[in-house]
Amino acid sequence: MPRYAQSSINEVSRRTSLSDVVSGYVKLKRNGTNYVGLCPFHKEKTGSFHVDEDKQLFYCFGCGAGGNVYDFIMRAENLDFVDALQFLAQRAGVTLEEERGTSKEKREEDSDRRRRILEMNRLAARHFYENLSTSGAEHARAYMERRGLSKRTAIKFGVGFAADGWDDLLNFLKESGYTQEEIVTAGLAVKNEKGRIYDKFRNRLMFPIIDVRGNVIAFGGRALQEGDPAKYMNSPETPVFHKGRNLFALNLAKSVGAKNGLILVEGYMDVIALYQAGIENVVAGLGTALTEEQARLLKRYAAQVYVCYDSDEAGQKAAQKAIGLLTEAGNTVKVISYQGAKDPDEYIQKKGVESFKALLSDSKESLEYQLLRLRQRYDIYDVSQKISFLTEAAKILAEIDSEMTREVYIKRLAAETDISTESIKTEISKLIYYKQKKKTRKEIYAENRTERLDTGFTAAVQQQSIATYKAERLLLNLLFFHRRVYEVMAERVESEWFTGAIHKSLLSKIMAYRAGEEEADASAFLVTLTDEQEKQTAASVLYESFVGEAVQAAKEAAEKLETAFLKKRAGELVREGKVKEANEILQRTKGRRG
């Protein structure tokens with residue numbers, strides 16, 4: 001992939017207003033000097049998504065998403081950094097210049113590798129399709145006939161056949177001008193421990209995986225031999241394919257998803273069966289559990305997602321997890337329930353498309369589905385099971401943001417179980433309180449956990465840990481934004497005072513950044529960070545604004561951190577039996593804050 005000059009990145013940043021970009025996705029309202037709106041990255045009723053136009057940073061106080069304009073576009077459009085940069089450059093009318101530090105040969109090599117892999121995949125897809133007509137593919141054609149797969153549908157999806165041999169595709173691609181190493185890199189061949197190279201897909205019905213731009217990026221293969229332990233096999237991760245970022249058949253479904261929503265199923269044949277029956281707004285995962293990136297991708301192409309997983313226990317558990325991820329990504333979720341078939345493909349074969357359309361019309365909101373599933377597990381006429389049922393139901397309702405929705409289901413539960421609404425509300429309120437408390441503590445201690453001295457760790461020391469955490473964040477913020485603080489404190493602050501790995505790393509990088517930059521540009525600084533968790537922490541730290549005497553505040557924060565560090569060290573010495581040394585250290589902390 002190309003590497004672009006920092007001057008080009010800076011020019012895109014200079015010509016781009018974060019609030020203007022965000023306004024294309026979120027309705028923003030001015031709040032003082034900032035803007036506020038509903039977060040596009042998680043479902044919420046009250047706006048916790050903030051944009052600081054001066055700093056060119058966004059931060060959501062609900063889900064913790066934060067960053068600069070590139071981070072926003074990467075999340076909103078499901079792009080990597082280079083694609084996000086190109087997206088914004090085109091919007092701003094900037095011509096990007098490639099980085100001179102990277103050799104022209106290297107840039108051309110990376111670009112050529114991706115191009116050749118995509119071309120290999122296209123040729124492989126054609127080869128697999130042509131294999132279907134050969135004499136060795138009778139059993140593949142028979143399988144397709146048993147599954148009711150028409151020739152027209154097979155052509156639409158590019159279904160093919162991987163021959164039952166070790167080097168059918170390998171030889172074809174070598175004859176087409178590709179090396180064995182290239183074919184392995186593309187995930188179309190495998191190299192074993194002895195160095196032997198052979199076809200990855202053998203004796204399988206093949207399904208090309210095509211991205212929304214129309215590129216064949218990978219393959220899925222369905223075993224045709226009975227007893228094969230790997231019923232489905234997918235391409236490995238390659239320079240052009242990442243399982244968690246793509247969906248099968250989204251290239252076909254995206255045009256109808258915005259109007260009709262998208263139906264999410266588990267298998268390729270489920271997609272194909274529904275599509276062949278005239279239901280074209282259907283997609284599937286790629287052999288793994290649904291990911292956050294896939295959930296956001298669905299949100300990009302459809303306002304509503306219908307989950308229609310297999311009817312067995314494993315399928316229903318996977319559906320529960322998918323519902324959570326889809327909801328977090330801001331999707332409106334409904335669930336299609338059915339009986340008498342193991343998956344949507346079999347249901348269509350047995351009961352027809354009209355029956356499936358009726359299921360679609362009768363699909364339940366995800367909350368109602370979860371409560372109905374829960375109800376099936378308990379006998380509410382047994383007191384202990386009734387209590388268990390209500391306890392689990394309260395946990396589900398505690399996750400709901402809408403008070404009105406929660407009220408409706410509380411009344412329904414009360415009527416069904418003959419338990420007062422007040423009792424159910426009390427249980428839910430308790431769970432919400434603990435959830436919020438846990439969330440707060442998680443935010444505070446994330447990657448900044450202090451070591452407990454022993455099981456008798458006191459409340460006072462816990463408060464000190466929270467105070468230390470806040471002091472670390474304040475000091476990082478002041479060092480970054482205030483040149484005078486950096487000049488005064490640069491030689492006085494020690495990284496060992498910081499309790500978390502991410503805060504220590506940020507201290508080092510902020511110091512290096514300010515040593516070379518007179519002006520503090522938070523957005524430009526975030527571009528230099530490659531670790532996602534570190535970037536999110538930096539966005540959170542730098543989004544805050546300090547009002548007051550910065551140098552004095554920095555000195556007090558530094559003193560608090562050093563004191564906490566010395567006390568911790570004294571505790572370690574006590575446990576080692578070195579009481580005298582511990583007392584000497586503690587003498588240095590007398591009269592100090594913290």
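**Stop one: H13 and H15**

Start by selecting residues 313-328, which make up helix H13, and residues 366-375, which make up helix H15. In this predicted model, the two helices pack at an angle of about 140°, and their axes lie 11 Å apart. How should you describe that arrangement, then? H13 and H15 are oblique to each other, because angles over 145 degrees would be needed to count as roughly antiparallel, and 65 to 115 is the range for roughly perpendicular. Turn the view until one helix lies in front of the other: H13 passes H15 in a left-handed crossing.

Now show side chains. On the H13 side, pick Glu313, Gln316, Ala319, Gln320 and Ile323. On the H15 side, pick Ser366, Tyr369, Gln370 and Arg373. Together these residues make the contact, and they are a mixed bunch: three are nonpolar, four polar and two charged.

**Stop two: H1 and H4**

Next, jump to residues 6-15 for helix H1 and residues 81-92 for helix H4. Here's another packed pair, with an angle of about 55° and axes 9 Å apart. That angle makes H1 oblique to H4. The crossing of these two helices is left-handed.

Which residues of H1 and H4 make the contact? From H1, select Ile9, Val12 and Arg15. From H4, add Phe81, Leu85, Leu88, Ala89 and Ala92. Colour them by type and you'll get seven nonpolar residues, no polar ones and one charged one.

**Stop three: Leu57**

Go to residues 57-60, which form strand S4, and click on Leu57. Is Leu57 buried or exposed? Leu57 is buried, because its relative accessible area is 0% and buried means under 20%.

To see what surrounds Leu57, leave aside its neighbours within four places in sequence and show its other contacts. Among them are Leu18, His50, Val51 and Asp52, along with Gly67 and Asn68. Contacts of Leu57 also come from much higher residue numbers, including Ala522, Ser523, Leu526, Leu542 and Tyr543.

While you're here, try the distance tool on the C-alpha atoms of Leu57 and Asp83. These two residues are 26 apart along the chain, and their C-alpha atoms are separated by 20 Å.

**Stop four: a sheet of four strands**

Now switch to a cartoon view and find the open sheet, whose strands come in the order S6-S9-S10-S11 with antiparallel pairing. Which strands sit at the edges? They are S6 (160-162) and S11 (232-234), each pairing on one side only. Look along the sheet for its twist, which averages 35° from one strand to the next.

Add residues 268-276 to the selection, and helix H11 appears, packed on the sheet. H11 touches S9, S10 and S11, and its direction makes about 75° with that of S9.

You can walk across the sheet strand by strand:

- **S6 to S9.** Three bridges join this antiparallel pair. Select Gly160 and you'll find it opposite Met206 in S9.
- **S9 to S10.** S9 covers residues 204-210 and S10 covers residues 216-223; they run antiparallel, joined by seven bridges. Ile209 stands opposite Ala218 in S10, while Phe207 has Gly220 as its bridge partner.
- **S10 to S11.** This pairing is antiparallel too, over three bridges. Here Gly221 faces Met233 in S11.

Before leaving, zoom in on the turn between S9 and S10. The hairpin has five residues between the strands, and one to click is Gly214, which takes a positive phi near 95°.

Finally, switch on the molecular surface and see how much of S9 and S10 is hidden. S9 is mostly covered, with six of its seven residues buried. For S10, the count is eight buried residues out of eight.

How values were computed. Residues are numbered from 1 along each chain as its sequence is written. This is a predicted model: local features need pLDDT of at least 70, side-chain atom pairs count only at pLDDT 80 or more; totals for chains, interfaces and linings use all residues. Side-chain values use heavy atoms; hydrogens and water are left out. Axes are lines fitted to C-alpha atoms, for helices over the stretch in contact, and angles run from 0 to 180 degrees between N-to-C directions. Angles under 35 degrees count as roughly parallel, over 145 as roughly antiparallel, 65 to 115 as roughly perpendicular and the rest as oblique. A crossing is left-handed if the near helix is turned anticlockwise from the far one by less than a right angle, and right-handed if clockwise. Contact means heavy atoms within 4.5 Å. Ala, Val, Leu, Ile, Met, Phe, Trp, Tyr, Cys and Pro count as nonpolar, Asp, Glu, Lys and Arg as charged, and the others, Gly among them, as polar. Two strands pair if DSSP finds at least two bridges between them. Buried means under 20% relative accessible area, exposed over 50%, partly exposed in between (1.4 Å probe, protein chains only).
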